[in-house]
Amino acid sequence: MTDNNNNGAANASSGDVQIQIPAAPKAEGAATQDAESGSSEAKNWRRWFIVAVDILFLIVGQTSASLLGRYYYSQGGNSKWMSTFMQTAGFPILFFGLFFFPSKSSSGQSDESPIAKTALVYIVLGLIIAADDMMYNSGLHYLPVSTYSLICASQLAFSVVFSYVLNSQKLSGLIFNSVILLTLSDLLVGVSEEPYDESAGVSRGKYLLGVVLTLGASCTYSLILSLMQLAFENVIKERTYSAVLNMQIYTSLVATFVSIIGLFASGEWKSLKHEMDMFKSGQFSYLMTLVWSSVSWQMASLGMVGLIFEVSSLFSNVIGTSAIPIIPFFGVMIFHDKMNNGVKIIAMLVSVWGFVSYVYHHYLEDRKARKASS
């Protein structure tokens with residue numbers, strides 16, 4: 001019995017204990033690692049699905065809004081404050097989104113996101129957005145949609161500067177190449193042999209004013225993107241999509257209020273009834289143009305803020321720039337904008353080249369990050 005017990009103990013110590021006990025935590029660790037890897041991969045796919053939806057919103061919304069804005073002016077619309085108002089007035093439709101993405105309150109959230117600071121952020125950004133919309137609409141009023149969209153490419157160059165200064169964005173040779181190309185594109189448009197659209201009754205002076213206002217609006221737009229990213233990182237600090245909706249809703253509320261004040265202070269509200277009656281395609285078309293323009297701008301703005309939240313302000317601006325080759329194409333088809341000017345065509349190609357340069361930079365950075373993580 002003693003020998004058998006000793007033999008059994010020896011077998012247990014040499015076999016069962018040494019083999020089975022280490023194997024259990026190893027299997028458990030592997031299962032845990034696989035579960036964490038699967039969960040991380042699922043979160044990554046879910047995040048990039050949201051990014052893809054935001055990209056779609058931004059491109060479709062920006063393209064349709066720009067075309068509808070040009071249609072408004074081409075059919076007899078003349079109120080710049082009304083156009084500014086419609087760029088933010090559609091924000092009430094975003095309240096429905098809060099039912100699907102409610103805010104998740106936590107015990108420390110009041111310390112992380114003070115109401116006073118958050119409200120101040122919304123007010124300041126709303127005021128800047130109202131001024132930016134006014135400049136954009138004035139530029140679109142004096143420029144063909146093709147020229148307007150090409151000049152808007154400069155917003156990427158401004159965004160690089162603001163992202164570097166305010167958001168500590170890392171720069172590379174490809175980004176600088178993109179900036180130079182897009183700046184060159186704007187200069188080519190500025191010295192074009194076709195400086196203004198004579199058929200629209202726009203003088204050379206108004207054309208130059210439109211160029212200056214659009215450049216100023218592009219600079220301001222880039223500043224807004226960087227300030228929003230700064231606000232998400234340092235003031236709001238809430239990692240939920242409801243934070244994106246709240247940013248868009250309350251900044252639009254402030255901008256809409258400013259637009260209403262401007263509409264009445266300028267006296268343009270008195271001519272709105274006459275403007276609707278004289279709209280070339282009819283009163284119903286006038287109302288639908290304003291309504292769908294408002295919806296399109298909200299779609300674009302929601303996609304823009306979503307990309308800032310998920311990725312960065314520079315990435316959001318680059319995606320917005322990708323609509324630049326699309327807008328002139330529809331401008332030629334719908335409004336018969338002239339694209340036979342060789343300088344303008346070259347400017348469009350240079351603009352596309354600048355965009356592709358940044359996309360390639362992003363591809364290399366993502367590839368490097370994947371290699372480092374593996």
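Good morning. I would like to begin with one residue, Phe96, which counts as exposed because its relative accessibility is 57%, above the 50% that marks an exposed residue. Phe96 sits in helix H3, which covers residues 95-100. Together with Ile93, Phe99 and Phe100, Phe96 makes up a nonpolar patch on the surface. The accessible area of these four residues together is about 550 Å².

Before going further, I should say that what you see is a predicted model.

Let me now describe the chain as a whole. The chain contains 15 helices and zero strands. It has 374 residues, and 46% of them count as buried. Its accessible surface amounts to about 19200 Å², and carbon and sulfur atoms contribute 67% of that area. As for contacts with a separation of 6 or more, 87% are between residues 24 or more positions apart. I shall show several pairs that are distant along the chain.

I turn first to helix H2 and the loop that follows. Helix H2 covers residues 80-88, and Ala89 lies in the loop between H2 and H3. Is Ala89 buried or exposed? Ala89 is buried, because its relative accessible area is 19% and the cut-off for burial is under 20%. Leaving out neighbours within four places in sequence, the residues in contact with Ala89 are Thr256 and Ser294. Ser252 is 163 residues away from Ala89 in sequence, yet the two C-alpha atoms are 7.0 Å apart in space.

Within H2 itself I would point to Ser83. This residue is buried, with a relative accessible area of 10%. Setting aside residues up to four places away in sequence, Ser83 touches Tyr72, Tyr73 and Asn137. With Tyr73 there is also a polar contact between the two side chains, at 3.4 Å. Ser83 and Leu263 are 180 residues apart along the chain, and their C-alpha atoms are separated by 9.9 Å.

Next comes helix H10, residues 241-265. How far does H10 reach from its first C-alpha to its last? The 25 residues of H10 reach 36 Å, close to the 36 Å expected at 1.5 Å a residue. After H10 comes Gly267, which has a positive phi near 80°.

My next subject is helix H13, made of residues 313-321. Why can H13 be called largely enclosed by the rest of the structure? The reason is that nine of its nine residues are buried. Among them are Ser313, Asn317 and Thr321, and I name these three since they return in the contacts that follow.

Consider Gln155, found in helix H7, residues 154-166. Gln155 is buried, with a relative accessible area of 5%. Its side chain joins that of Asn317 through a polar contact of 2.9 Å. With neighbours within four places in sequence left aside, Gln155 is in contact with Tyr136, Ser218, Tyr221, Ser222, Asn317 and Thr321. Asn317 and Thr321 are among the buried residues of H13.

A second residue that reaches H13 is Gln229, located in helix H9, residues 204-236. Gln229 is buried as well, with a relative accessible area of 7%. Not counting residues up to four places away in sequence, Gln229 touches Asn167, Ile308, Ser312 and Ser313. Ser313 is one of the buried residues of H13. Gln229 and Glu310 are 81 residues apart along the chain, with 9.8 Å between their C-alpha atoms.

My last topic is charge. How many salt bridges does the structure hold? The structure holds one. In that salt bridge the side chains of Asp277 and Lys273 meet at 2.9 Å, N to O. Both residues belong to helix H11, residues 272-277, and they lie four residues apart, about one turn of the helix. An α-helix has 3.6 residues a turn, so residues three or four places apart point the same way. As for its surroundings, Asp277 counts as partly exposed, because its relative accessibility is 36%.

To close, I return to two points. Helix H13 is largely enclosed by the rest of the structure, since nine of its nine residues are buried. Phe96, by contrast, counts as exposed, and it belongs to the nonpolar patch on the surface. Thank you for your attention.

Conventions:
Residues are numbered from 1 along each chain as its sequence is written. This is a predicted model: local features need pLDDT of at least 70, side-chain atom pairs count only at pLDDT 80 or more; totals for chains, interfaces and linings use all residues. Side-chain values use heavy atoms; hydrogens and water are left out. Patches are made of residues with over 30% relative accessible area and no salt bridge: like charges are joined within 9 Å, nonpolar side chains (Val, Leu, Ile, Met, Phe, Trp, Tyr) within 5 Å. Accessible areas come from the Shrake-Rupley method with a 1.4 Å probe; for residues, only the protein chains shown count as cover. Helices (H or I, at least four residues) and strands (E, at least two) are DSSP runs, numbered from the N terminus. Buried means under 20% relative accessible area, exposed over 50%, partly exposed in between (1.4 Å probe, protein chains only). The expected span of a helix is 1.5 Å times one less than its number of residues. A polar contact is a pair of N or O atoms within 3.5 Å; within protein, one must be able to donate a hydrogen and the other to accept it, and residues adjacent in sequence count only if both atoms are side-chain atoms. Contact means heavy atoms within 4.5 Å.
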